[in-house]
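Biologist: Before I use a model at the bench, I want to know what stands behind the words used for it. Please take me through them.

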Amino acid sequence: MGSVETHAGRVAVVTGAGQGFGRAIAVELARRGADVAVIDLNDASETVAEIEALGTRAMGVQADVAQPDSVAAAGEEICGSFGHVDILVNNAGVYPFRDFFDVDFDYWRTIQAINLDSQFLTARAFAPSMRDRAWGRIVNLASNSLGLAVPALSHYMASKGGVVGFTRGLATDLAPYGITVNAVAPTASRTPGGEANIAGDVLDGVASMQAIKRGGVAADIVGTVCFLSSDDSAFVTGQTIMADGGLVRL
Ligand SMILES: NC(=O)c1ccc[n+]([C@@H]2O[C@H](COP(=O)([O-])OP(=O)(O)OC[C@H]3O[C@@H](n4cnc5c(N)ncnc54)[C@H](O)[C@@H]3O)[C@@H](O)[C@H]2O)c1
């Protein structure tokens, strides 16, 4: 990773930062100078401690990003404590494999709520603060599975397709306020969630089809998220960048 303080003076919020991609993103943003609030359903104190050890401000908020009241409360707590927010990384998400004939409507709705509704709720919570200061960066986690024939993931692919569409639409609506909105699409990766949800032969099989033939790890998307949350990407918006070892080409 680079050592420049590209994010000095910025305040970032990273959802699902207790582990996996979110944790790696939150820590790298801090290493680049940002104060970081981490939101997670579970305890994220290890991420908070790692950030504090880097010398920037950290704050852990336990919240469910799928619940409107929970996100609103987290938004008030974070904006109240840090004063404002510049960067939002919508990383929290779940990806359980389930055969289509076992997906009922409640299950479908649960997945859409966690993976897609959450990104609407957090954008509503934090974009006003960005608008007030005429600068903002929103980075949404999508998935390269949208470009693949992966079985038992239609509920997930629908939610991530929604993320790509939301990213495109929101980019237009927020551009007048100096706010960019982009998405990053990882490949099947060995994060804690990846190890728990994706069979080993699927992880290896996906890696074998990539141009860069090794399994993804949490660090693989961090640089792209940092670029999209920095001044360097000021003229890039509405895009979904595949940070996936060169598997899916858009
Ligand atoms: N790992 C992969 O193979 C892969 C591939 C493509 C995309 N992604 C996407 O990357 C993102 C992160 O994935 P990961 O592999 O790091 O997952 P992970 O399971 O390792 O970590 C996800 C974190 O999100 C938190 N979380 C889940 N639901 C939440 C909720 N309702 N409210 C608040 N926090 C919640 C969890 O507690 C956990 O700490 C997800 O959006 C996922 O869809 C992952």
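The questions below set the terms against their values.

Modeller: This is a predicted model, in which local features need pLDDT of at least 70 and side-chain atom pairs count only at pLDDT 80 or more, while totals for chains, interfaces and linings use all residues. Residues are numbered from 1 along each chain as its sequence is written, and side-chain values use heavy atoms, with hydrogens and water left out.

Biologist: What makes a residue part of the surroundings of the ligand, and which come nearest?

Modeller: A residue is near a molecule if one of its heavy atoms lies within 4 Å of it. There are 29 residues around the ligand, and Asp 40, Tyr 95, Tyr 156, Ser 189 and Thr 191 come nearest.

Biologist: How do you know which residues of that shell are nonpolar, polar or charged?

Modeller: By residue type: Ala, Val, Leu, Ile, Met, Phe, Trp, Tyr, Cys and Pro count as nonpolar, Asp, Glu, Lys and Arg as charged, and the others, Gly among them, as polar. On that basis the shell has 14 nonpolar, 12 polar and three charged residues.

Biologist: Why is the pair formed by the ligand and Thr 191 called a polar contact?

Modeller: The term needs a pair of N or O atoms within 3.5 Å. An oxygen atom of the ligand is 2.5 Å from an N or O atom in the Thr 191 side chain. For Asp 64, a ligand nitrogen atom is 2.8 Å from a side-chain N or O atom. At Val 65 the partner is a polar backbone atom, 3.0 Å from a nitrogen atom of the ligand. The protein covers 94% of the 840 Å² of accessible area that the ligand has on its own (Shrake-Rupley method, 1.4 Å probe).

Biologist: Which helices supply at least two residues of the shell?

Modeller: Helix H1 (20-31), helix H5 (154-174) and helix H6 (192-197) each do. Helices (H or I, at least four residues) and strands (E, at least two) are DSSP runs, numbered from the N terminus. The chain has eight helices and seven strands.

Biologist: What makes the chain as compact as a globular protein of its length?

Modeller: The radius of gyration, taken over C-alpha atoms, is set against a globule rule of 2.2 Å times the number of residues to the power 0.38. The chain has 17 Å, close to the 18 Å that the rule gives for 250 residues, so it is as compact as a globular protein of that length.

Notes:
Polar contact = N/O pair within 3.5 Å; in protein donor to acceptor, adjacent residues only side chain to side chain.
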